[in-house]
Amino acid sequence: MRHNKPAVVGAALAAALALAACAPQAPADPDEGGSGATAGDDTLTIATTTDVVNYNPLIGNSRSDYWVTNLMYPHLLSIADDGTKEASLATDWGYVDETTGFYEIRDDFTWSDGEPLTADDVAWTLNAVKEDAPAGTFYGQMANFESAEAVSPTRVEVRLTQPDTSVIEEIGFWGNVVPQHVFEPEGSVAQFANDGSDGWVSAGPYLLTDVQPGQSYTLERVEEYPLVEGGTPVPAQVVYRVYPDVNTEILALQSGEVDVIANALPPAQVEQLRDTEGIEVAEVPGLGYAHMVYNMDHPDLAKTEVRQALAHAADYETIREVVLQGQAVSTGSSPLMPVLSQYYDDSVTEYEFDPELSRSLMEEAGYTAGSDGMFPVTFRLLYSLQDSVTSQWAQLVKDSAAEAGIAIELQGLERNTYLAKTDEGDYDIYAGNFAIMDDPVTNFTLSYLPDGAINYTHVDDPELTELVTQASRTDGDEKVELMREAAKIVHEQVYDNVMYTQNLYVAHSSEWDGFVVKPSELLSIVSAESVAAAHRVSE
Amino acid sequence: MPLALFILRRLGRGVFTIWFAVTVTFLLLRLLPGDPALAVASTNMTEEARAALLVQYGLDKPLFVQYVLYLGELLRGNLGVSFTQSVPVLDVLLHRLPWTLLLTATALGLTVLVGIPLGVLAASAKGRAWDRVVQVVGVTGQSLFVPSVGIVLLFVFGLTLGWLPIGGAYDQGVYGVEWYGSVLSHLVLPAVSLTLVQLGPYVLTMRATLIDALGEDYVTLARANGLTSRRILWKHALRNALLPATTLIGLQLGFLVGGAVLTETVFAYPGIGRGIYEAVVQLDFPVLQGAFLLLAATVVAANMLTDIAYGFLDPRVKAS
């Protein structure tokens, strides 16, 4: 066979040219973008398990969305370990009267294109979110928000539709501020992709400069970031790299490919990584909880005694010790977790695992056990197979309930099916968890009031509703007392069975230090302040 | 049958296949349990916000209307806008396509380069030790599962030996020649994984067809004419045995594409496969429809080319 040499050479040349076109160009000036005298030249590489889906922080909902966009778009408020809010972009906040709130913001924030960040940006962001209703968590906090107005370059006043003593802090914590001069010309904030077609504009410590979908997100340091000591972020560059799962992230950390794993570690990996040379494990306070919810639309579960019987038929201590390897604390079966120290009520104690008590309660509810010791009811427990911890304890719940004569049928489902069935109320028992339940009034309103978006129990208890409504209009000790009363009702009636708050652990290379630990997986050691302050140990 | 008519018929069949794949994908996605609005929004989304999202996605319309609108846009070359990213689907796919092409082409090339010699080796040593070794390798290869192979390779070559990277397509901050080296080092493990699971069927088919070819009369005649065994094997028998192997390559493309989804997921390789995985999690219908259309078109095109090449190689095919 004779080879057509010109064709082969041509094809090879074409392939080489095609590949050459793919190769990234070296930056013209590596120091472009500026670096302060105290800032380092290092790159901090962080592992994540998902791509950034949305660069618009008002829409974004995935972990990676939060982590990357939080480095560019500031929040008004941050959060302390006990759930109380702290200053961030806002230096002061509160209420002028019952239906008017306010934020005082710093005057030293600047967008990376040179425009100052003012109260106009804050007011415009709040009003745009209310008007366009983007599908993120931010909009969900705005039920009682009416409008915002910049009354000076550093003060925003917020008008409410009704008294609400939580809304100012909740909006301040959950919402990012975006640049009005960039977002406003693009129309609805619910549909603006902010995909960087014309580059991004940042008022955080970093600016997104390169996106390789499925692989990495590169952010370069901005010159001035007032919330870090010295005013300039330390790492010159932050790279988020995408891996398929936490196990691969751990391999990458061990091999030195990444410096930080942003995702919380599975409980089984924590001890092993603590003993691994070159790796540090940081404990991050949890601000959420895992729970089981009993669907009161089910005639059997509408009976208080049956819910109580189920609550006493689970061995919570064993679940925390075996499945979570001791990395969780009891909340006293209350949604007012110990971490919310201001609200926590230690007089409310955990449902005791007592199969005999469960049997008595079932008999009280009118059921008689058969010759096999089982009552003539079966409940379907719904959980997500993507949640490995819940998948493990669901089996324990089934086994311990069987000791009390109650049959539970497990239904582990793929996440989207699980969400759909949850939404339709197609379950008897729902098992799941919340990442952040920082404000009790907001939590109770969403979880236990008739129109609550996450009222999975389908509870409608006028006394509970009245207490929560009153609490939303009061403040201080009175608010705390009302919420404690409400929590007692939830506990006694088993409107929710809160099982534990999980302590979270994240891992980083021991070559890096200086991280600022914040509660929850969303912030942990990858908040804007933490990333900007991180530095190599040798420096 | 004239060649032009032969090609035209294959083209027609290809277009029909793509339409069928598009329709099935469209319907299957909408039969999936789950709601795209729930998949992208937060848990505290109001009913109004959810309804607005469904309107924005066009999912509020009857299924038939959605289908007609989708086909209409498709004929205009518009694949739609990603539900979750709010950017055109074509942009999403074009970002990822080069990596999938690089991975699958490399794996296909390796399969052929390694598969042919192994098949020849086994056929020429029929019944002897090498034959048995190759058969064991072939059968084992058929039973391999991409994620299992991938994890073992990652553990051995990525972590324990530290020779090759754990994931991604290249390192950040490398440019020029170094970038090509980085791309190559990141390609090794995914390509080897995909090759290992593809190799078995190819080697076994190659072996079987070559053994058949070696039993043909023209081989006996060649031997009688005094041609060397090597010449008979490589020059005459192998060329005839390559015809079924060529068909197999076309058929394997479908499996290769399927394997790429798993391989890219295991190795965090930023191709279409990894994109499909993420779009499934997010119920991003437009991206999934676009990705499956692209993959179906690729497989159909490759099969068509195989058919046409076969037509050139074997005139009996055109006649049939």
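**Val24(B), its patch and the largest cavity**

Modeller: Val24(B) is partly exposed, at 31% relative accessible area. Keep in mind that this model is predicted.

Colleague: Why is Val24(B) called partly exposed?

Modeller: Buried means under 20%, and exposed means over 50%. Val24(B) has 31%, which lies in between, so partly exposed is the term.

Colleague: What makes Val24(B) part of a nonpolar surface patch?

Modeller: Patch residues need over 30% relative accessible area. Val24(B) has 31%, so that condition is met. Its partners in the patch are Phe16(B), Trp19(B), Phe20(B), Leu28(B) and Leu31(B). The patch covers about 640 Å².

Colleague: Where in chain B is Val24(B) found?

Modeller: In helix α1, residues 3-31. Chain B has 13 helices and 0 strands. Of its 320 residues, 48% count as buried.

Colleague: Now the cavities. How many of 30 Å³ or more does the search find?

Modeller: The whole structure has 7. About 270 Å³ of space lies in the largest.

Colleague: What makes that space a cavity and not a pocket?

Modeller: In a cavity a 1.4 Å probe fits but cannot get out, whereas a pocket is open.

Colleague: Which residues are closest to the centre of the largest cavity?

Modeller: Asn70(A), His75(A), Leu77(A), Leu523(A) and Glu529(A), out of 23 lining residues. β2 (77-79), α5 (167-174) and α17 (528-533) of chain A each supply at least two lining residues.

Colleague: How is the lining divided by class?

Modeller: Into 15 nonpolar, 6 polar and 2 charged residues. Leu counts as nonpolar and Glu as charged, so Leu77(A) and Leu523(A) fall in the nonpolar class and Glu529(A) in the charged one.

Conventions: Residues are numbered from 1 along each chain as its sequence is written. Chains are lettered from A and ligands numbered from 1 in the order in which they are written. This is a predicted model: local features need pLDDT of at least 70, side-chain atom pairs count only at pLDDT 80 or more; totals for chains, interfaces and linings use all residues. Side-chain values use heavy atoms; hydrogens and water are left out. On a 1 Å grid over the protein atoms alone, a cavity is a set of points where a 1.4 Å probe fits but cannot get out, and a pocket is an open set with protein on both sides within 12 Å along at least five of seven lines; lining residues have an atom within 4 Å of a point. Grid points are joined across faces, edges and corners, and a volume is the space filled by probe spheres set on the points. Helices (H or I, at least four residues) and strands (E, at least two) are DSSP runs, numbered from the N terminus. Patches are made of residues with over 30% relative accessible area and no salt bridge: like charges are joined within 9 Å, nonpolar side chains (Val, Leu, Ile, Met, Phe, Trp, Tyr) within 5 Å. Accessible areas come from the Shrake-Rupley method with a 1.4 Å probe; for residues, only the protein chains shown count as cover. A salt bridge is a side-chain nitrogen of Lys or Arg within 4 Å of a carboxyl oxygen of Asp or Glu. Buried means under 20% relative accessible area, exposed over 50%, partly exposed in between (1.4 Å probe, protein chains only).
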